[in-house]
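Student: I should like to learn how the descriptive terms used for a protein structure are justified. May we go through one example together?

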Amino acid sequence: MVKISFSNDVRHEICSSVNDKDKRFACLYGMLLFSRTLTRERICFQSESSTSARLFKELFKAVFRTELSESEHIRKNGTVLHTYDIYDKNAAAVFEKYKISERERVIDSEIIATNSLGVFTAGVFLACGSVNDPSKEYHLEFACPEKVLSEQLMTLLNDIGVNAKTMLRRGQNIVYIKGSESIEDTLTFIGATQCTLELMNMKIYKDIRNKANRIANCDAANIDKVVKSAMKQIEDIKLIDHSLGLESLSDELREVAELRLENIDMSLQEIGENLSEPISRSGVNHRFKKLAKLAEEIRCGGVKHEKR
């Protein structure tokens, strides 16, 4: 089964929310203004998304009472490019209805109802937007047809608190958003609230997984540290046993030494709890320091043969 992309999930949710006259008008404006070709003689809307293409056709019919014919082209990579061409009087009608300037493309927010600015931006997303799978990377972008449009779109997003930036990539003007919170705000703004929740859940999952990995790595490091420390203690104890015999040690040191020889995996606290007279972890550590000092004296040849 082919997994539907996160971008398509967003597109499907947007399409289900465009359900009244103002929203249809504003959404179509975003799709037209950010379409591939926009002149008074010809408008060309293209998309690899069948969802975006289908909604464009439906919105155009609802706003202009005109049917559109679609052409399809299969690319070398197997994707299908959906194309709608609007010519002459129909193209001129678009320019008149949306008061589009023939000199340059600009967003005219005055013709969009105040409560429809989000759905206009949703139309822009359907025309030229994409968002990465949040399980892999936090990245949303708009591939804008004109520089002025990219700058206006960035300003629009910044005005709602989204940290959007622009860049030029292979000659194309890109508006992009990186932070997960800014992407969440953008998705909510364009009407994809379920996708926002999905992204938030994925972020929580990733945070928990990363925390678990850090704990596991920390535990592994601590275990490694304990084992290395125990091996050094055993080395010292065996040296003392070979040179002086454990019976030369005081009862306190001998008991700690014997417990360590028998239990390499015991922590200092566990050793302290298993002594005939239990002591604290720091008390056990203090006794091992005495054993380490004695072992070092033996290595240096300065040991005194007396009970420790």
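Tutor: Certainly. Please bear in mind that this is a predicted model. Leaving out residues up to four places away in sequence, Q46 touches R36, L81, H82, T83 and A127. Q46 is found in strand β2.

Student: What makes the link between the side chains of Q46 and R36 a polar contact?

Tutor: The distance is set against a cut-off. The side chains of Q46 and R36 have a polar contact at 2.6 Å, and a polar contact requires a pair of N or O atoms within 3.5 Å. The value therefore meets the limit on distance.

Student: Which distance is given for the polar contact between the side chains of Q46 and T83?

Tutor: That polar contact, between the side chains of Q46 and T83, is 3.0 Å. It also satisfies the limit of 3.5 Å.

Student: Why is β2 called mostly covered?

Tutor: Five of the six residues of β2 are buried. A residue is called buried if its relative accessible area is under 20%. The strand is therefore described as mostly covered.

Student: How do you know that β1 and β2 are paired?

Tutor: Pairing requires at least two bridges between the strands. Strand β1, residues 37-38, is joined to β2 by two bridges, so the requirement is met. These strands run antiparallel. T37 has C44 of β2 as its bridge partner, and the hairpin formed by β1 and β2 has three residues between the strands.

Student: What makes β2 and β4 a pair as well?

Tutor: Six bridges join β2 to β4, which spans residues 80-87, and the requirement is at least two, so these strands pair. They too run antiparallel. Opposite C44 stands D85 in β4.

Student: Why is D85 called partly exposed?

Tutor: The relative accessible area of D85 is 25%. Buried means under 20% and exposed means over 50%. The value for D85 lies in between, and therefore D85 is partly exposed.

Student: Which residues does D85 contact, leaving aside its neighbours within four places in sequence?

Tutor: They are R42, I43 and C44. The side chains of D85 and R42 are also joined by a polar contact of 2.8 Å.

Student: How do you know that D85 and R287 are not in contact?

Tutor: Contact means heavy atoms within 4.5 Å. The C-alpha atoms of D85 and R287 are 87 Å apart, and these residues are separated by 202 places in sequence.

Student: What is known of the largest pocket?

Tutor: The largest pocket holds about 610 Å³ of space. Its lining has 22 residues, and those closest to the centre are Q46, S47, A127, C128 and A143. Two or more lining residues come from each of β2, α5, β5 and β6. The most come from α5, which gives four.

Student: How are the lining residues of the largest pocket divided by class?

Tutor: Nine are nonpolar, eight are polar and five are charged.

Student: What makes up the lining of the second largest pocket?

Tutor: Among its residues are N222, K225, R260 and M266. Two or more residues come from each of α8 and α10. Helix α8 gives the most, with five residues. The second largest pocket has about 220 Å³ of space, and its lining divides into three nonpolar, five polar and three charged residues.

Notes. Residues numbered from 1 in each chain as written. Predicted model: local features only at pLDDT ≥ 70, side-chain atom pairs only at ≥ 80, totals over all residues. Heavy atoms only, no water. 1 Å grid on protein atoms, 1.4 Å probe; cavity = no way out; pocket = protein on both sides within 12 Å on 5 of 7 lines; lining within 4 Å. Points joined across faces, edges and corners; volume = space filled by probe spheres on them. Nonpolar A, V, L, I, M, F, W, Y, C, P; charged D, E, K, R; others polar. Polar contact = N/O pair within 3.5 Å; in protein donor to acceptor, adjacent residues only side chain to side chain. Buried < 20%, exposed > 50% of the residue type's maximum accessible area, 1.4 Å probe, protein only.
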